[in-house]
Amino acid sequence: MVKITDVARHAGVSPSTVSYVLSGKRPISEETRRRVQASIRTLGYRPHAGARPAGGRANVLALVMPLWAGVHAPTALRFAASVVTAARSYGHDVLVLTQDEGEEGLRRVADTVPVDGLIVMDVGLHDPRLPVLRDLDRPAVLIGFPADRAGLTCVDLDFRAAGERCVDHLAELGHRAVALVGPPPEVYVRRTACAQYVLQGFTAAADRHGLTSAVHPCEATAAAARATAERLLREHPAPTGIVVHNEAVLEPLTEAFARLGPRVPEELSVTAICPADLAESARVPLTSVALPAAETGLRAVELLMRALAGEPVPATTLLAPVLTVRGSTARRTGGGGA
């Protein structure tokens with residue numbers, strides 16, 4: 001099937017220009033219009049039967065939520081639920097797309113699916129989907145911050161500040177050796193933005209306080225959590241403060257610490273970046289920075305609705321981290337850990 005991107009390539013224009021020729025939404029020069037129409041005839045392109053009528057609305061948003069390896073699906077679904085709830089308050093339905101299709105998936109949505117705008121999750125620092133998003137003829141909002149944000153609208157928790165805040169808290173309590181238990185290795189290999197920013201914040205704060213620090217990516221299994229706990233306690237100096245950015249291993253990791261001996265919080269302080277209810281329900285309630293799924297989803301939909309209404313929207317919406325102190329952290333009273 002001939003796609004709008006094929007027409008654009010043949011005519012030497014962008015896909016959005018082809019879309020504007022078809023819809024009449026924006027003025028296009030006569031020479032360009034003729035070239036595009038000639039390519040449409042040559043290639044036999046036919047707009048998808050379900051495409052939005054010119055000037056009309058589908059009242060449907062697309063949520064691009066690829067469930068890649070290493071993604072914690074229960075947390076991803078919290079964000080999806082918040083997007084759906086917010087969209088319904090605006091009278092919009094949500095089409096959730098979970099397949100790992102990258103740029104092709106976005107082009108397919110733009111070419112064939114009647115949606116008014118897109119919300120894109122699991123954003124990478126150097127995400128290959130960005131050129132397609134910049135070229136769409138409809139608005140898109142990213143939940144996440146790529147390195148190059150030009151021409152994009154992004155919203156998310158300030159994950160760098162979250163990593164820093166956890167380390168600052170541990171340093172204030174007198175801890176001199178800290179460790180980050182991060183997401184699975186493939187998340188770092190993909191350079192997922194939130195993981196990279198937590199790592200940057202953790203490292204920057206540890207360096208600023210003169211702390212000994214280590215980073216341990218951890219597979220999302222109980223066995224990997226136990227192995228990571230054992231490895232942490234063999235390090236010299238053994239960390240006395242832990243930051244966990246991996247929701248899947250919170251429970252097995254804290255259970256492993258309880259079995260191996262260091263008491264939380266008397267001998268080992270643990271902080272986490274995770275949903276608040278997970279922190280509250282842990283064996284020892286965890287000091288944590290909450291993942292604001294409900295607020296993030298609401299903000300993303302609000303930004304999209306404002307863009308659809310032709311209103312100016314901020315390019316960057318950073319949600320400030322809030323650290324809630326619970327029973328898993330305590331002042332370091334000496335012995336071990338540098």
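Two strands count as paired if DSSP finds at least two bridges between them. With that in hand, we can look at this predicted model and its open sheet, in which six strands follow the order β7-β6-β8-β9-β10-β12 with mixed pairing. β7 (212–217) and β12 (323–324) stand at the edges with a single partner strand each, so one side of each has no neighbour in the sheet. Below, we walk through strands, helices, a pocket and two residues to look up in the structure.

**Inside the six-strand sheet**

- Start with strand β6 (residues 177–182) and strand β8 (residues 241–244), which run parallel and are joined by four bridges.
- To find this pairing by eye, look for Val181, which stands opposite Val244 in β8.
- Val244 also has a neighbour in β9, where it stands opposite Ala272.
- That fits the wider pattern, as β8 and β9 pair in the parallel sense over four bridges.
- How many of the six residues of strand β9 (residues 269–274) are buried? Six of the six are, so β9 is largely enclosed by the rest of the structure.
- In a regular strand, side chains alternate between the two faces of the sheet.
- You can follow two sets of residues in β9: Ser269, Thr271 and Ile273 lie on one side, Val270, Ala272 and Cys274 lie on the other, and all are buried.

**More parallel strand pairs**

- Strand β1 (residues 60–64) is mostly covered, with four of its five residues buried.
- β1 pairs with strand β2 (residues 93–97) in the parallel sense, over five bridges.
- Within this pair, Leu61 has Val94 of β2 as its bridge partner.
- Strand β3 (residues 117–120) and β4 are another parallel pair, with three bridges.
- Here the bridge partner of Ile119 is Val141 in β4.
- Which residues of strand β4 (residues 140–143) point one way, and which the other way? Ala140 and Leu142 point one way, Val141 and Ile143 point the other way, and all are buried.

**Helix α3: a buried side and an exposed side**

- Helix α3 (residues 30–43) has 14 residues, which at 1.5 Å a residue should span 20 Å, and its end C-alpha atoms are indeed 20 Å apart.
- Its buried residues are Thr32, Val36, Ser39 and Ile40.
- Seen down the axis of α3, these buried residues fall within an arc of 105 degrees, so they line one face of the helix.
- Why can residues that are separated in sequence point the same way? An α-helix has 3.6 residues a turn, so residues three or four places apart point the same way.
- The face turned away from the buried side of α3 carries the exposed residues Glu31, Arg34, Arg41 and Thr42.
- α3 is followed by Gly44, which has a positive phi near 75 degrees.

**Helix α7: mostly covered**

- Helix α7 (residues 159–172) also has 14 residues, and the distance from its first C-alpha to its last is 20 Å, close to the 20 Å expected at 1.5 Å a residue.
- Is α7 mostly covered or mostly exposed? It is mostly covered, with 10 of its 14 residues buried.
- Among the buried residues of α7 are Phe159, Cys166, His169 and Leu170.
- Just after α7 comes Gly174, with a positive phi of about 95 degrees.

**The second largest pocket**

- Rolling a probe the size of a water molecule over the atoms shows where empty space is left.
- The second largest pocket holds about 540 Å³ of space.
- Its lining is made up of 29 residues, and those nearest its centre are Val71, Thr75, Asp122, Cys194 and Glu247.
- The elements that give two or more residues to this lining are α4 (73–89) and α9 (193–209).
- Sorted by class, the lining has 18 nonpolar, seven polar and four charged residues.

**Two residues to look up**

- Cys194, one of the residues nearest the centre of that pocket, sits in helix α9.
- Cys194 is partly exposed, with a relative accessible area of 24%.
- Cys194 and Phe145 are 49 residues apart in sequence, and their C-alpha atoms are 7.8 Å apart in space.
- Pro139 lies in the loop between α6 (130–135) and β4.
- Pro139 is also partly exposed, and its relative accessible area is 22%.
- Pro139 and Leu304 are 165 residues apart along the chain, with 6.6 Å separating their C-alpha atoms.

Definitions and conventions: Residues numbered from 1 in each chain as written. Predicted model: local features only at pLDDT ≥ 70, side-chain atom pairs only at ≥ 80, totals over all residues. Heavy atoms only, no water. Expected span 1.5 Å × (residues − 1). Buried < 20%, exposed > 50% of the residue type's maximum accessible area, 1.4 Å probe, protein only. Arc of directions from axis to C-beta. 1 Å grid on protein atoms, 1.4 Å probe; cavity = no way out; pocket = protein on both sides within 12 Å on 5 of 7 lines; lining within 4 Å. Points joined across faces, edges and corners; volume = space filled by probe spheres on them. Nonpolar A, V, L, I, M, F, W, Y, C, P; charged D, E, K, R; others polar.
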